[in-house]
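Student: Could you walk me through this fold before I set anything up with it?
Tutor: Gladly, so have the coordinates open while we talk.

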Amino acid sequence: MLLKIERSFDEAKNHWNVKVQGEADISNAPEFRQALNAIYQEKAADIWIFLQDLLYMDSTGLGVIIGACGRMRSTGHEIVLCNPRDNVKKLLSITNLDRILHIENTEN
């Protein structure tokens, strides 16, 4: 399955909203990495990634997020993972990344 990425900048909250749909895995990790890099290069700000429509993520997809998070933290910004499905929550828990990454449940 393909990964669909929609992005918009929220001027009022001064952060990116990135909605992902489909699967984030080894087959589309380069596309996902490039999208996050391009967004951050366009305007350096926090990135809120909405995961409610992400059906599956493997360790490669998670690695893309961790890599972007590391680069962003060096400039004082962060990635917020919003509304992850249970299977993604489980991946975050197994890897103990739920202790490091900012996870939110939102209405958006």
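What follows is a conversation about a predicted model.

Student: Let's begin with the sheet; what is the strand order, and is the sheet open or closed?
Tutor: The sheet is open and has five strands in the order 1-2-3-4-5, with mixed pairing. Strand 1 and strand 5 stand at the edges with a single partner strand each, so one side of each has no neighbour in the sheet. On average, neighbouring strands are turned by 25° against each other, with direction ignored.

Student: Which pairs are parallel and which antiparallel?
Tutor: Strand 1 (residues 3–10) pairs with strand 2 in the antiparallel sense over eight bridges, whereas strand 2 and strand 3 run parallel and are joined by nine bridges. Strand 4 and strand 5 also run parallel, with three bridges between them.

Student: Can I have some residue partners to check the register, and what does Glu 6 stand opposite?
Tutor: Glu 6 stands opposite Lys 19 in strand 2, and Asp 10 stands opposite His 15 in strand 2. On the parallel side, Trp 16 has Ile 47 of strand 3 as its bridge partner, while Leu 81 is partnered by Ile 103 in strand 5.

Student: And what packs on the sheet?
Tutor: Helix 2 packs on the sheet and touches strand 2, strand 3 and strand 4, its direction making about 175° with that of strand 3. Helix 3 packs on the sheet too, touching strand 3, strand 4 and strand 5, and its direction makes about 110° with that of strand 3.

Student: Staying with helix 3, which of its residues are buried?
Tutor: In helix 3 (residues 86–94) the buried residues are Val 88, Leu 91 and Leu 92. These residues cover an arc of only 95° around the axis, which puts them on the same side of helix 3.

Student: Why would residues three or four places apart point the same way?
Tutor: An α-helix has 3.6 residues a turn, so residues with that spacing point the same way.

Student: So what covers the buried residues, and what is on the other side?
Tutor: The cover over the buried residues of helix 3 includes strand 3 (46–57), helix 2 (59–73), strand 4 (79–82) and strand 5 (102–104). On the other side of helix 3, the residues Asp 86, Lys 90 and Ile 94 are exposed.

Student: Back to strand 2: how many of its residues are buried?
Tutor: Seven of the ten residues of strand 2 are buried, so strand 2 is largely enclosed by the rest of the structure. Asn 17, which is found in strand 2 (residues 15–24), is one to look at, as it counts as buried at 10% relative accessibility.

Student: A buried Asn makes me want to know about polar partners; what does its side chain contact?
Tutor: The side chains of Asn 17 and His 15 are joined by a polar contact of 3.1 Å.

Student: Any aromatic pairs, and how many?
Tutor: One aromatic pair is found in a search of the whole structure. The pair consists of Phe 9 and Trp 16, arranged edge-to-face at 5.1 Å centre to centre with 75° between the planes. Both partners are on the buried side of the cut-off, which is under 20% relative accessible area: Phe 9 has 19% and Trp 16 has 4%.

Student: Switching topic, where are the positive phi values that I should look at in a backbone check?
Tutor: Asn 14 has a positive phi near 55° in a residue other than glycine, and sits in the hairpin of strand 1 and strand 2, which has four residues between the strands. Asn 14 is partly exposed, at a relative accessible area of 46%. Asn 83, also not a glycine, has a positive phi of about 55° and lies in the loop between strand 4 and helix 3, where Asn 83 counts as buried at 13% relative accessibility. Then there is Asn 96, which follows helix 3 and has a positive phi near 60°.

Student: Last one: where is Ile 100, and how far is it from Ile 66?
Tutor: Ile 100 is in the loop between helix 3 and strand 5, and counts as partly exposed at 48% relative accessibility. Ile 100 and Ile 66 are 34 residues apart in sequence, with a C-alpha to C-alpha separation of 9.7 Å in space.

Methods. Residues numbered from 1 in each chain as written. Predicted model: local features only at pLDDT ≥ 70, side-chain atom pairs only at ≥ 80, totals over all residues. Heavy atoms only, no water. Phe/Tyr/Trp six-rings, centres within 6.5 Å; stacked < 30°, edge-to-face > 60°. Buried < 20%, exposed > 50% of the residue type's maximum accessible area, 1.4 Å probe, protein only. Helix = DSSP H or I, 4+ residues; strand = E, 2+ residues; numbered from the N terminus. Polar contact = N/O pair within 3.5 Å; in protein donor to acceptor, adjacent residues only side chain to side chain. Arc of directions from axis to C-beta. Contact = heavy atoms within 4.5 Å. Pairing = 2+ DSSP bridges. Axes fitted to C-alpha atoms, helices over the stretch in contact; angles between N-to-C directions.
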